[in-house]
Amino acid sequence: MRRTLLLTVALGVVLAASACSSNEPETSTPPATGATSDGSEPGTEPGTQPGTEPGTELGFGDSAVLAWQPTQELAGELELTVEAVAEQPQSVFDGWTRDEAMAVARPYFVTVTLANVGDTDLGGQDVPLYLRDTRGTLGAPWTLGGDFTACQSGPLPVPFEAGAEAEMCLVYLVPDGGRVRDLVFEPTEGYDPITWSGDVDEPVRPRKDGGKRRGRG
């Protein structure tokens, strides 16, 4: 029986229109999740300064220390490194059912390493790391069900206690012929995002002579 690709948006697809002028690229931002009980915005821990300043621009392989409050009741610190970004051919989904939008999207696998450098268990939380494409649109990672072992996208492992470390692969889909611009940590609307950019690995495609070559799709 043909396997079915179960696609659920782990962090929610963000499609809010930009407030910029019509001459600027369309952008989108993650929705705000409301104020905490002390009136501050979720995303950074009240009363603390993040190790990495908002607005910092990093390269692939660089680490950021994030004071992060994913919920009103939970705050912690996470060290996040975007290690590599690799474009994939559509054939990576061969054998899985794809809808029309997915069939024309450009897949990317993003390798990240994470460490819990705070005191609280962050297990099961979705890290607000978005892919921004060349049109300025932010996209959340997709979670693929079943036995899709090529890149098991999803939330942080459970548990993910103080001192825990993990390497994860996240799946992103860029629509309408766009390409990746950078990766963006943006926990709330209005937060000056921390970004990672660098060289993107091109997909490996089979050659007619039976070998393999790298190239753009």
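# Links and layers in a predicted fold

Colleague: Is the link of Cys151 and Cys169 left-handed or right-handed?
Modeller: That depends on the twist about the S-S bond, which comes out at -105 degrees. So the link of Cys151 and Cys169 with its -105 degrees is left-handed.

Colleague: Before we go on, what kind of model is this?
Modeller: Residues are numbered from 1 along each chain as its sequence is written, and side-chain values use heavy atoms, with hydrogens and water left out. Local features need pLDDT of at least 70, side-chain atom pairs count only at pLDDT 80 or more, and totals for chains, interfaces and linings use all residues: this is a predicted model.

Colleague: Back to those cysteines: why does the pair of Cys151 and Cys169 tie together separate parts, and how many residues apart are they in sequence?
Modeller: A disulfide (a pair of cysteine sulfur atoms within 2.5 Å) joins Cys151 to Cys169, with 1.9 Å from S to S. Cys151 sits in the loop between strand S8 (142-144) and strand S9 (165-174), while Cys169 is in strand S9, so the pair ties together parts separated in sequence by 18 residues. As for the naming, helices (H or I, at least four residues) and strands (E, at least two) are DSSP runs, numbered from the N terminus. The separation you asked about is 18 residues.

Colleague: Are Cys151 and Cys169 buried or exposed?
Modeller: Here are the cut-offs: buried is under 20% relative accessible area, exposed is over 50%, and partly exposed is in between (1.4 Å probe, protein chains only). By that scale, both Cys151 and Cys169 are buried.

Colleague: What is the order of the strands in the open sheet?
Modeller: The open sheet has 5 strands with mixed pairing, where two strands pair if DSSP finds at least two bridges between them. Strands of a sheet pair through backbone hydrogen bonds, either parallel or antiparallel. Reading across, the order is S2-S11-S10-S6-S7.

Colleague: Which are the edge strands?
Modeller: An edge strand here pairs on one side only. That fits strand S2 (57-59) and strand S7 (138-139).

Colleague: Which residue is the bridge partner of Leu131 in S7?
Modeller: Strand S6 (residues 129-133) and S7 pair in the antiparallel sense over 2 bridges. The residue in S7 that partners Leu131 is Gly139.

Colleague: Which residue in S10 stands opposite Leu129?
Modeller: S6 and S10 pair in the antiparallel sense, this time over 5 bridges. S10 is mostly covered, as 5 of its 6 residues are buried. Opposite Leu129 in S10 stands Phe185.

Colleague: And which residue in S11 stands opposite Leu183?
Modeller: S10 and S11 run antiparallel and are joined by 3 bridges. Facing Leu183 from S11 is Trp196.

Colleague: Which element gives the most to the largest nonpolar core?
Modeller: A nonpolar core is a set of buried Ala, Val, Leu, Ile, Met, Phe, Trp, Tyr and Cys residues joined through side-chain atoms within 4.5 Å. The largest one has 31 residues, and Val112, Leu114, Leu129, Leu183 and Trp196 touch the most other members. Elements giving two or more residues include strand S5 (106-116), S6 and strand S10 (180-185). The top contributor, with 5 residues, is S9.

Colleague: What is the angle between the planes of Phe185 and Tyr191?
Modeller: Rings of Phe, Tyr and Trp (its six-membered ring) pair if their centres lie within 6.5 Å; planes under 30 degrees apart count as stacked, over 60 as edge-to-face and the rest as tilted. The whole structure has 1 aromatic pair. Phe185 and Tyr191 form it, edge-to-face, 6.0 Å centre to centre, and the planes are at 85 degrees.

Colleague: Which residues are linked with Glu87 in a network of salt bridges?
Modeller: A salt bridge is a side-chain nitrogen of Lys or Arg within 4 Å of a carboxyl oxygen of Asp or Glu. Arg106 comes within 2.9 Å of Glu87, and Arg179 meets Glu87 at 3.3 Å, N to O. Glu87 itself is buried at 2% relative accessibility. So the residues in the network with Glu87 are Arg106 and Arg179.

Colleague: How many residues apart are Asp182 and Arg132?
Modeller: Their side chains meet in a salt bridge at 2.8 Å, N to O. Asp182 is in strand S10 and Arg132 in strand S6, distant parts of the chain, and the gap is 50 residues.
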